Amino acid sequence: MLKAVIFDMDGLMIDSERVTFDGYVIECNKLGHTMTKEFYKTLLGKPIAGIYDQFHKEFGEDFPIEEVILKVHAYMADLFETKGVPVKPGLIELLKYLKENNYKTIVATSSNRHRVDVILENAKIASYFDDSICGDEVSKGKPNPEVFLKSCEKLGVNPDEALVLEDSEAGILAAHSAEIRVICIPDMKYPEKEYAEMTHDIVKSLNDVLTLIKDQQL
């Protein structure tokens, strides 16, 4: 029986991946490097250490990734402050339904605590969640299952009573390894076959997730 829903943040609730990509393009260009969409897709869902490794392999060990990430986050924060935080279609309707029907909810993301708290507040969705767990609060990030297993612990539910909503392959693998059902709502990248087979379902939007829950198909 479904009792809890675990939400990823970037690319799943917040339409942030395209903005992030644009920020990396700008900052990499300043340093004489070209950020391609194909390379960016390899970063999706990875913990910060994994992102560092990818950049150093691609652009060299002297690439100032920490400085670049800070500048990209500043670029995003400025856009979110001036234009608002872009939430994915169906998110508010899904969160309202879960709240009204006493499902437990938690955000489980690779992003750090400060960034998560600011984005959830600015998007006006913080009140819908019972809790959150961030990348700087686990010892191993996705695709390790730790973040999702700790989410279940925080909510007081068993893995078979939870559902993970993810957009990335790393997130799918983490949920699968935790033995938690996972629905993928692809953002910039549709999952490869091996990851697609790990999902309970792959749908187009969060509206479809709401329909599945309402129809008790989970």
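Here are legends for five close-up views of this predicted model.

**View 1. The parallel sheet from edge to edge.** Six strands make up an open sheet, and reading across gives E3-E2-E1-E4-E5-E6, with the pairing parallel. Look at the two ends: strand E3 (131-133) and strand E6 (201-202) each have a single partner strand, so one side of each goes without a neighbour in the sheet. As a reminder, strands of a sheet pair through backbone hydrogen bonds, either parallel or antiparallel.

**View 2. From E4 through E5 to E6.** This one follows Cys184, a residue of E5 that turns up in two pairings. On one side, E4 and E5 pair in the parallel sense over 4 bridges, and Glu166 has Cys184 as its bridge partner in E5. To get from E4 to E5, the chain passes through helix H8 (residues 169-177), making a right-handed β-α-β crossover. On the other side, strand E5 (residues 181-184) runs parallel to E6 and is joined to it by 2 bridges. Here Cys184 sits opposite Ile202 of E6.

**View 3. Helix H7 lying across the sheet.** Which strands does H7 lie across? Helix H7 (residues 146-155) lies across strand E1 (4-7), strand E2 (104-108), E3 and strand E4 (162-166). Its direction makes an angle of about 150° with E2.

**View 4. The largest pocket.** There's about 590 Å³ of space in here. The lining has 28 residues, and the ones closest to the pocket centre are Asp10, Lys46, Ile51, Ser110 and Ser111. If you're thinking about the chemistry of the wall, the lining splits into 10 nonpolar, 10 polar and 8 charged residues. Helix H1 (17-30), helix H3 (48-59) and helix H4 (65-83) each put at least two residues into that lining.

**View 5. Two backbone spots worth a look.** Most residues other than glycine have a negative phi, and most peptide bonds are trans. Against that background, the peptide bond joining Lys142 and Pro143 is cis, with omega at about 15°. You'll find Pro143 in the loop between E3 and H7. The other spot is Asn102, a residue other than glycine whose phi is positive, near 65°. Asn102 has its place in the loop between helix H5 (91-100) and E2.

Terms used
Residues numbered from 1 in each chain as written. Predicted model: local features only at pLDDT ≥ 70, side-chain atom pairs only at ≥ 80, totals over all residues. Heavy atoms only, no water. 1 Å grid on protein atoms, 1.4 Å probe; cavity = no way out; pocket = protein on both sides within 12 Å on 5 of 7 lines; lining within 4 Å. Points joined across faces, edges and corners; volume = space filled by probe spheres on them. Nonpolar A, V, L, I, M, F, W, Y, C, P; charged D, E, K, R; others polar. Pairing = 2+ DSSP bridges. Contact = heavy atoms within 4.5 Å. Axes fitted to C-alpha atoms, helices over the stretch in contact; angles between N-to-C directions. Right-handed = clockwise from strand over helix to strand, strands pointing away.
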